[in-house]
Amino acid sequence: MRNPAFSKPHLHFREKSKSILTNAFDTIVDPNCNIEVAFILDSSESAKNFLFDKEKQFVIEFTEKALQSEQTDKQDLNWRMAFLRYSSSVKMDHTFRDWQGFKMFKNRVQSINYIGHGTYTSYAIGNATQLFQTEAKQNSVKIAILMTDGVNHPRNPNLRDVAAYAREYGIFLFAIGPPDITAELSAVASTPSSQFVHSITDSNLTNNTLHEVVSRTLNRLAYDLHCK
């Protein structure tokens, strides 16, 4: 099946708390798991005043806590992170091949500014899917975390089709946004929505999302793939 939104003329695609996690690590099968997470940040005009800074903060906090989880003696979890910004264009700021550890990743996240203009979420998910297809390790656990204010441009391609393609490729798709667009987020995210849809206003967003990534998604997929 062809990716319904992997390219657009002006897209920029470059080649290139521990206690909450304890039970999850106890059940992962193999001690060597490759986990790749792509963060998709809404950088449109409508997101600049509140959402964009919250997104950057979340990416940094999630990554730092995920890497801390590597230190448990239960499992060796090998994380690689990537992120992109989107509005009317998509900027692939840090790919999986760019990953050299938390310090460089954090600096890259802190340095970015919002793009502005309209919101084309479909192209962002399409480019993230292409990133997994070209750079992900063969048997890695593939996680995409979409952040959006839910205000899409009228010309944005069918979002459900693009999200379905990503999920069919084996990507676990999380969606984070304002609490008043839960229905829209549920149409994009993996199921069940109680695990894959989260509110940007959740005071414990980082821990809750990381807990779901580890205890739900990783346990199941790690068992299926034996985390080779």
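## Starting at D93

D93 makes a good place to begin, since this residue is buried, with a relative accessible area of 11%. D93 sits in strand β3. Please keep in mind from the start that the model is predicted.

What does the side chain of D93 meet in a salt bridge? The partner is R85, with 2.7 Å from N to O. A polar contact of 2.7 Å also joins the side chains of D93 and R85. R85 is buried as well, with a relative accessible area of 11%. Elsewhere along the chain, V109 is 16 residues away from D93, and the C-alpha atoms of D93 and V109 are separated by 8.3 Å.

## The overall layout

Stepping back, the protein has 228 residues, and 54% of them count as buried. The protein holds eight helices and six strands. Read from the N terminus on, these elements follow the order α-β-α-β-β-α-α-β-α-β-α-α-β-α.

## How confident the prediction is

The mean pLDDT of the protein is 82, and 76% of the residues reach 70 or more. Where is confidence lowest, and where is it highest? The lowest value belongs to helix α1 (residues 22-27), with a mean of 43, while the highest belongs to α3, at 97. Over residues 7-31 the pLDDT is below 50, and in the model this stretch has 68 contacts beyond near neighbours in sequence. As you explore the structure, you may like to keep helix α1, with its mean of 43, in mind.

## Salt bridges across the chain

How many salt bridges does a search of the whole structure find? The search finds three. One of them is the R85 and D93 pair already visited.

Another salt bridge forms between E36 and R80, whose closest N and O atoms are 2.5 Å apart. This pair links distant parts of the chain: E36 belongs to strand β1 (residues 32-42) and R80 to strand β2 (residues 76-86), 44 residues apart. Are these two partners buried or exposed? E36 counts as buried, at 1% relative accessibility, and R80 also counts as buried, at 15%.

R97 and E135 form a salt bridge too, with their closest N and O atoms 3.9 Å apart. R97 lies in the loop between β3 (90-94) and α3, and E135 lies in helix α4, so the pair ties together parts that are 38 residues apart in sequence. The partners have different surroundings: R97 is partly exposed, with a relative accessible area of 46%, whereas E135 is buried, with a relative accessible area of 6%.

## A buried lysine

K142 lies in strand β4 (residues 141-147). K142 is buried yet has no salt bridge. Which side chain of opposite charge is nearest to K142? That side chain is E36, 5.3 Å away. A salt bridge needs the nitrogen and the carboxyl oxygen within 4 Å, so the K142 and E36 pair does not qualify. E36 is instead joined by a salt bridge to R80.

What the side chain of K142 does reach is backbone oxygen. The side chain of K142 reaches the backbone oxygen of S140 at 3.2 Å, and that of K137 at 3.5 Å.

## Helix α2

Helix α2 (residues 51-68) has 18 residues. From its first C-alpha to its last, α2 reaches 26 Å, close to the 26 Å expected at 1.5 Å a residue.

Which residues of α2 are buried? They are L51, F52, E55, K56, F58, V59, I60, F62, T63, A66 and L67. An α-helix has 3.6 residues a turn, so residues three or four places apart point the same way. With that in mind, you can trace the buried residues of α2 along the helix, among them L51, E55, F58, F62 and A66.

## Two backbone details in the loops

H117 has a positive phi of about 75° although it is not a glycine. H117 is found in the loop between α3 (102-111) and α4 (121-135). Is H117 buried or exposed? H117 is exposed, with a relative accessible area of 57%.

The other detail concerns a peptide bond. The bond from T191 to P192 is cis, with omega near 0°. P192 is found in the loop between α6 (182-188) and α7 (193-196).

Terms used: Residues are numbered from 1 along each chain as its sequence is written. This is a predicted model: local features need pLDDT of at least 70, side-chain atom pairs count only at pLDDT 80 or more; totals for chains, interfaces and linings use all residues. Side-chain values use heavy atoms; hydrogens and water are left out. Helices (H or I, at least four residues) and strands (E, at least two) are DSSP runs, numbered from the N terminus. Buried means under 20% relative accessible area, exposed over 50%, partly exposed in between (1.4 Å probe, protein chains only). Lys and Arg count as positive and Asp and Glu as negative; His and the chain ends are not counted. A polar contact is a pair of N or O atoms within 3.5 Å; within protein, one must be able to donate a hydrogen and the other to accept it, and residues adjacent in sequence count only if both atoms are side-chain atoms. pLDDT is the predictor's confidence in each residue, from 0 to 100. Contact means heavy atoms within 4.5 Å. The expected span of a helix is 1.5 Å times one less than its number of residues.
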